[in-house]
Amino acid sequence: MGSPESAGFTLVDYRISKVSFEYIPSDSPINIDINPSGYYNKESQEFDLLLDFTATTSESKKDFIKAQMETKFKFKEKINEIPEFFFTNAPAIAFPYLRTFISTITLQANIRLLILPTLNLSPLAEVLKANTTLK
């Protein structure tokens with residue numbers, strides 16, 4: 001296993017910057033949506049990844065949890081183009097922190113616990129690439 005020094009990029013920081021929660025009594029299945037976007041600053045070699053998360057009940061079609069996670073990554077070396085593997089790996093690295101947060105707020109609210117499954121986030125790579133701004 002490589003050390004952080006050998007990685008092409010590292011996770012620097014994350015925060016949940018926005019969250020809204022509305023209790024909707026329902027036993028119906030829950031649909032989740034994750035929409036990634038990002039901003040890369042060539043000068044600082046930092047990439048700000050935003051993950052917009054929404055959970056909706058199948059029955060009411062109403063959002064009951066919305067959250068935005070901001071994650072900062074730093075590239076080891078200056079790059080002019082973001083490598084393809086970053087678009088796949090960055091959401092996968094950030095997701096466990098979001099997953100834990102969602103479980104915690106539903107646990108603390110004393111409602112039906114929402115434990116997000118582990119997900120294959122590779123389909124988000126193309127969305128993130130399309131929603132990335134370079135400076």
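Is glutamate 70 buried, partly exposed or exposed? Hold that thought for a moment, everyone, and let me set the scene. What we have here is a predicted model, where local features need pLDDT of at least 70 and side-chain atom pairs count only at pLDDT 80 or more, while totals for chains, interfaces and linings use all residues. Residues are numbered from 1 along each chain as its sequence is written, and side-chain values use heavy atoms, with hydrogens and water left out.

Now back to glutamate 70: its relative accessibility is 28%, so it counts as partly exposed. By that I mean the range between buried, under 20% relative accessible area, and exposed, over 50%, using a 1.4 Å probe and protein chains only.

Glutamate 70 has company. Asp13, Arg15 and Glu70 are linked in a network of salt bridges; a salt bridge here is a side-chain nitrogen of Lys or Arg within 4 Å of a carboxyl oxygen of Asp or Glu. Aspartate 13 meets arginine 15 at 3.2 Å, N to O, and arginine 15 meets glutamate 70 at 3.6 Å. That second pair links distant parts of the chain, with arginine 15 in strand 1 and glutamate 70 in strand 4, 55 residues apart. Aspartate 13 is partly exposed at 35%, and arginine 15 is partly exposed too, at 43%.

The structure holds 7 salt bridges, and here is another one. Lysine 78 pairs with glutamate 43, the closest N and O atoms being 3.7 Å apart. Lysine 78 sits in the loop between strand 4 and helix 1 and glutamate 43 in the loop between strand 2 and strand 3, so this pair ties together parts that are 35 residues apart in sequence. Both lysine 78 and glutamate 43 are exposed.

On to the sheet. Strands and helices are DSSP runs numbered from the N terminus: E of at least two residues for strands, H or I of at least four for helices. Two strands pair if DSSP finds at least two bridges between them. We get an open sheet of 5 strands in the order 1-4-3-2-5, with mixed pairing. Strand 1 (9–21) and strand 5 (132–134) are at the edges with a single partner strand each, so one side of each has no neighbour in the sheet.

Strands 2 (residues 30–41) and 3 (residues 46–57) are antiparallel, with 12 bridges, and tyrosine 39 stands opposite aspartate 48. Strand 3 also runs antiparallel to strand 4 (residues 63–75), joined by 11 bridges. There, aspartate 48 has lysine 72 as its bridge partner, and threonine 56 has aspartate 63.

What about the turns? The hairpin of strand 2 and strand 3 has 4 residues between the strands, and glutamine 45 in that turn has a positive phi of about 65°. Most residues other than glycine have a negative phi. Glutamine 45 is buried, at 13% relative accessibility. In the hairpin of strand 3 and strand 4, with 5 residues between the strands, lysine 61 has a positive phi near 60°.

One more backbone case before I stop: asparagine 110, in the loop between helix 1 (84–108) and helix 2 (124–130), has a positive phi near 60°. Unlike the buried glutamine 45, asparagine 110 is exposed, at 68%. Isoleucine 115 is found in that loop between helix 1 and helix 2 as well, and it is exposed at 55%. Thanks, and I'm happy to take questions!
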